[in-house]
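Student: I have a new structure to look at. Can you walk me through it?
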Amino acid sequence: DDSDASATGSSLLTVENAAPGGVALNLGAGTIAEGGSVTLDGTFADPGALDTHTVLIEWGDSTTTTLSLMPGDLVIPATAHTYLNNLPGDAPYTIAVTVTDNSAASRTGYFLLSVDNIAPSGLALNLSAGTTAEGGSVTLDGAFADPGPLDTHTVLIAWRDSPTTTLTSVPGVAIIPSPAPPSSTNLP
């Protein structure tokens, strides 16, 4: 009052945390080839201007990326990821992006990405000799390319004078080993 006397009162106010919202994602492509990369970015909203955020990107292929954002940063920076293989039947991968604030409130956005299988290419064969004597043998080896480093391959060699030879490679190896041809008489 005008004599400088005062009184104080107080009241409790609880400010509750609001979860991040409005997760909007951009994916560089909806479909890529196996062995290819895609870039993801996005934005989200949070009324807590002082909140920090963690962004967890689950790529759908058992790998994750974690990003830490400073207060006021509501942009998910461009992040690239390579898909080493397609899913059976070229089914799409489900990408999940979860934004969590420093009070453990979170929101998740999803995106589907198709990864197409690409057929092997560039088959190059080497034969040990162009001519051999009747009853002789030759060896065959070769190589091919495949952008899917997790693909396995079956190689079928059709010898003109005998049964076929079937070889199976392991993921990441795109080389045809030199099998011994079956012993038989060579036909012209």
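What follows is a short chat about this predicted model.

Student: What is the chain built from, in helices and strands?
Tutor: The protein chain has 0 helices and 13 strands. Read along the sequence, the pattern is β-β-β-β-β-β-β-β-β-β-β-β-β.

Student: How does the radius of gyration fit the globule rule?
Tutor: The radius of gyration of the protein chain is 31 Å. For 188 residues the globule rule gives 16 Å, so the chain is more spread out than a compact globule.

Student: What box do the C-alpha atoms fill?
Tutor: Roughly 125 × 20 × 20 Å, taken along the principal axes.

Student: And how much of the chain is buried?
Tutor: Of the 188 residues, 29% count as buried. The chain exposes about 11,400 Å². Carbon and sulfur atoms supply 56% of that area.

Student: On to sheets. What is the order of the one with 3 strands?
Tutor: That open sheet runs β1-β3-β6, with antiparallel pairing.

Student: Which strands are at its edges?
Tutor: β1 (21-27) and β6 (75-82). Each has a single partner strand, so one side of each has no neighbour in the sheet. Neighbouring strands here are turned by 20° against each other on average, direction ignored.

Student: How many bridges are there between β3 and β6?
Tutor: β3 (residues 37-45) pairs with β6 over 6 bridges, in the antiparallel sense. Take Ser 37: its bridge partner in β6 is Thr 82.

Student: What holds paired strands together, in general?
Tutor: Strands of a sheet pair through backbone hydrogen bonds, either parallel or antiparallel.

Student: What about the sheet of 5 strands?
Tutor: That one is open too, in the order β2-β8-β7-β4-β5. Its pairing is mixed. β2 and β5 stand at the edges with a single partner strand each, so each has one side without a neighbour in the sheet. The twist averages 25° from one strand to the next.

Student: How do β7 and β8 run, parallel or antiparallel?
Tutor: Antiparallel, joined by 8 bridges. Ala 96, for instance, stands opposite Tyr 110 in β8.

Student: New topic: the largest nonpolar core. Which residues touch the most other members?
Tutor: Ile 76, Tyr 83 and Ile 95, out of 20 residues in that core.

Student: Which strands supply it?
Tutor: β1, β3, β4 (53-58), β5 (64-69), β7 (93-101) and β8 (106-116) each give at least two residues. The largest share, 4 residues, comes from β7.

Student: Is there another core, and if so, what is in it?
Tutor: Another core lies apart from the largest one. This other core has 6 residues, among them Leu 140, Phe 144, Val 155 and Trp 159.

Student: Back to Ile 95. What does it touch?
Tutor: Leaving out residues up to four places away in sequence, Ile 95 touches several residues, including Leu 27, Leu 40, Ile 57, Trp 59, Tyr 83 and Phe 111.

Student: One last residue, Ala 29. Where is it?
Tutor: Ala 29 lies in the loop between β1 and β2 (31-33).

Student: Why does it count as partly exposed?
Tutor: Its relative accessibility is 25%. Buried means under 20% and exposed means over 50%, so Ala 29 falls in between.

Student: What is Ala 29 in contact with?
Tutor: Val 38 and Leu 113, leaving aside neighbours within four places in sequence. Ser 114 is 85 residues from Ala 29 along the chain, yet their C-alpha atoms are separated by 9.0 Å.

Methods:
Residues are numbered from 1 along each chain as its sequence is written. This is a predicted model: local features need pLDDT of at least 70, side-chain atom pairs count only at pLDDT 80 or more; totals for chains, interfaces and linings use all residues. Side-chain values use heavy atoms; hydrogens and water are left out. Two strands pair if DSSP finds at least two bridges between them. Axes are lines fitted to C-alpha atoms, for helices over the stretch in contact, and angles run from 0 to 180 degrees between N-to-C directions. Buried means under 20% relative accessible area, exposed over 50%, partly exposed in between (1.4 Å probe, protein chains only). Contact means heavy atoms within 4.5 Å. The radius of gyration is taken over C-alpha atoms; the globule rule is 2.2 Å times the number of residues to the power 0.38. Accessible areas come from the Shrake-Rupley method with a 1.4 Å probe; for residues, only the protein chains shown count as cover. A nonpolar core is a set of buried Ala, Val, Leu, Ile, Met, Phe, Trp, Tyr and Cys residues joined through side-chain atoms within 4.5 Å.
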